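Got your viewer open? Keep a selection box handy, and we'll walk from one stop to the next.

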Amino acid sequence: MEQLLQQIEEYKQEIASIIPNGADSLEAYRIKFLGTKGIVKNLFGEMKNVPNDKKKEFGQILNEFKQFAETKYEEWKQSSAGSTQSTENKVDLTLPGDVLPLGTRHPISLVRNEIVHIFGRLGFSVAEGPEIEDDWHNFTALNLPENHPARDMQDTFYINQNPDWLLRTHTSSVQARVLEKQKPPIRIICPGRVYRNETISARAHCFFHQTEGLYVDENVSFADLKQTLYFFVQEMFGKDVRVRFRPSYFPFTEPSAEMDINCRICGGAGCNVCKHTGWVEILGSGMVHPKMLENFGIDSNKYTGFAFGMGIERICQLKYRINDLRLYSQNDVRFLKQFTGAV
Ligand code: PHE
């Protein structure tokens with residue numbers, strides 16, 4: 001009896017020290033302890049050698065041991081230790097997971113979306129037009145007839161197959177497309193890509209992005225233009241932004257004005273971006289030329305309107321301090337991933 005109890009104690013210790021390593025070792029354990037010729041069975045076989053008055057006590061001890069061995073077996077089977085994998089290729093659930101490379105929005109898209117959102121709150125909806133345009137929509141309808149000197153302001157890419165086709169030089173072509181289809185009131189914003197035959201450098205590119213705005217209704221005044229654009233820059237750059245309007249010339253607006261804001265980079269102290277003037281031009285604008293309205297059969301005595309066009313890259317430059325236009329189209333991930341998390 002003494003001996004048997006001693007034996008059971010040793011088996012218990014042996015079991016407690018086992019670290020099963022895969023399905024094979026688990027099965028070996030089962031056979032050794034719980035199998036038909038296993039240790040537990042053998043111990044029960046010893047029962048006949050135990051004196052009668054000790055049988056009950058020994059029976060209890062044996063049952064406990066049996067249960068102990070069985071519970072261990074079940075536990076191991078359930079845990080990954082008993083799975084078919086061996087330790088070498090077992091999944092370590094405590095390791096950090098793989099980082100999924102998340103895409104980021106392009107800064108041009110970020111700013112374009114923000115522009116659309118701000119004007120959306122003023123009731124402007126988005127209109128789009130083709131990037132391959134005809135001469136009429138890009139120039140003539142906008143009061144820029146053939147041989148008009150202002151055509152030289154924009155170095156145009158023409159399309160070989162058809163001299164009437166070109167890559168639009170500005171989003172003002174979308175104004176023409178909307179005016180030919182819609183009747184006032186019109187309140188639209190037209191973001192898109194435009195093309196000009198410029199040598200690529202940090203400050204110029206053969207394609208870039210603009211957002212056009214057009215508002216035509218009864219009693220639209222220059223004051224509306226100023227207030228709308230002032231609201232826009234305050235939303236885009238913060239309430240402390242200052243603006244100034246300078247007289248300018250565009251064939252499709254009269255009067256015309258360019259709008260400057262105080263430099264967001266140096267705060268007005270003077271830097272390369274504002275060429276040490278403290279001011280940065282961000283858009284062209286003006287009251288829609290009556291001739292343009294008449295081109296589309298809109299009564300210019302009854303309706304007036306304002307229009308504006310801004311470069312998205314320029315807004316981006318001021319917002320994110322991007323100082324080289326080439327960065328926008330190189331798609332260098334080191335550049336792009338800086339916009340992670342921006343929406
Ligand atoms: N289309 C002009 C440009 O590209 C900008 C502009 C748009 C000016 C609308 C006035 C009104 O420079």
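First selection: Leu179, which sits in helix H7. Bear in mind as you click around that this is a predicted model. Is Leu179 buried or exposed? Its relative accessibility comes out at 0%, so Leu179 counts as buried. Now show what surrounds Leu179: setting aside neighbours within four places in sequence, the contacts are Ile186, Leu214, Val216, Met292, Phe296 and Ile298. For a sense of scale, draw a distance from the C-alpha of Leu179 to the C-alpha of Glu75: the line spans 77 Å, for a pair 104 residues apart in sequence.

**The cores**

Next, select Ile115, Phe119 and Phe232. These are the residues with the most contacts inside the largest nonpolar core, which has 40 residues. Which elements give two or more residues to this core? Colour these: helices H5 (107-120), H8 (222-237), H10 (312-320) and H12 (333-336), plus strands S8 (253-262), S9 (279-288) and S10 (303-311). Apart from this core lies another, of 25 residues; pick out Leu142, Leu166, Val174 and Phe296, which are among them. You met Phe296 a moment ago as a contact of Leu179.

Go back to Ile115 and show its surroundings. Beyond the neighbours within four places in sequence, Ile115 is in contact with Ile189, Thr211, Phe232, Met236, Met310 and Ile312.

**Strand S10 and its partners**

Select S10 by itself. How many of its nine residues are buried? Eight are, so to speak, under cover: S10 is mostly covered. Now add strand S6 (residues 207-218), which runs antiparallel to S10 and is joined to it by nine bridges. To find your place along that pairing, select Gln210, which stands opposite Gly311 in S10. Then bring in S9, also antiparallel to S10, with five bridges joining the two. Here the pair to click is Met287, opposite Phe306 in S10.

**The ligand**

Keep Gln210 selected and switch on the ligand. How many residues surround the ligand? There are 15, and the closest are His170, Ser172, Arg196, Gln210 and Glu212. Three distances are worth drawing:

- From Gln210, an N or O atom in the side chain is 3.0 Å from an oxygen atom of the ligand.
- From His170, a polar side-chain atom lies 3.1 Å from a nitrogen atom of the ligand.
- From Ser172, a polar side-chain atom lies 2.9 Å from a nitrogen atom of the ligand.

**A small sheet**

Now for a sheet with fewer parts to colour. Select S2, S4 and S3: they form an open sheet of three strands, in the order S2-S4-S3, with antiparallel pairing. Which are the edge strands? S2 and strand S3 (158-159) are, each pairing on one side only. Between S2 and strand S4 (residues 162-167) there are three bridges, in the antiparallel sense. Click Ile132 to see one end of a bridge; its partner in S4 is Leu167.

**Salt bridges**

Last stop: the charged side chains. A search of the whole structure turns up 16 salt bridges. Begin with Asp134 and Arg177, whose closest N and O atoms are 3.8 Å apart. This pair links distant parts of the chain, with Asp134 in strand S2 (residues 132-134) and Arg177 in helix H7 (residues 172-181), 43 residues apart.

Move on to Arg244 and Asp260, where the closest N and O atoms of the salt bridge are 2.8 Å apart. Arg244 lies in strand S7 (residues 243-250) and Asp260 in strand S8, so the pair ties together parts that are 16 residues apart in sequence. Are the two partners buried or exposed? Asp260 is buried, with a relative accessible area of 2%, whereas Arg244 counts as partly exposed at 32%. Extend the selection to Arg246 and Glu258: together with Arg244 and Asp260, they are linked in a network of salt bridges.

Finish with Arg326 and Asp324, another salt bridge, its closest N and O atoms being 2.8 Å apart. Show the surface here: Arg326 is partly exposed, with a relative accessible area of 32%. Asp324 has a relative accessible area of 17%; the cut-off for buried is under 20%, so Asp324 counts as buried.

Methods
Residues numbered from 1 in each chain as written. Predicted model: local features only at pLDDT ≥ 70, side-chain atom pairs only at ≥ 80, totals over all residues. Heavy atoms only, no water. Core = buried A, V, L, I, M, F, W, Y, C linked by side-chain atoms within 4.5 Å. Buried < 20%, exposed > 50% of the residue type's maximum accessible area, 1.4 Å probe, protein only. Helix = DSSP H or I, 4+ residues; strand = E, 2+ residues; numbered from the N terminus. Contact = heavy atoms within 4.5 Å. Salt bridge = Lys/Arg side-chain N within 4 Å of Asp/Glu carboxyl O. Pairing = 2+ DSSP bridges. Near = heavy atom within 4 Å. Polar contact = N/O pair within 3.5 Å; in protein donor to acceptor, adjacent residues only side chain to side chain.
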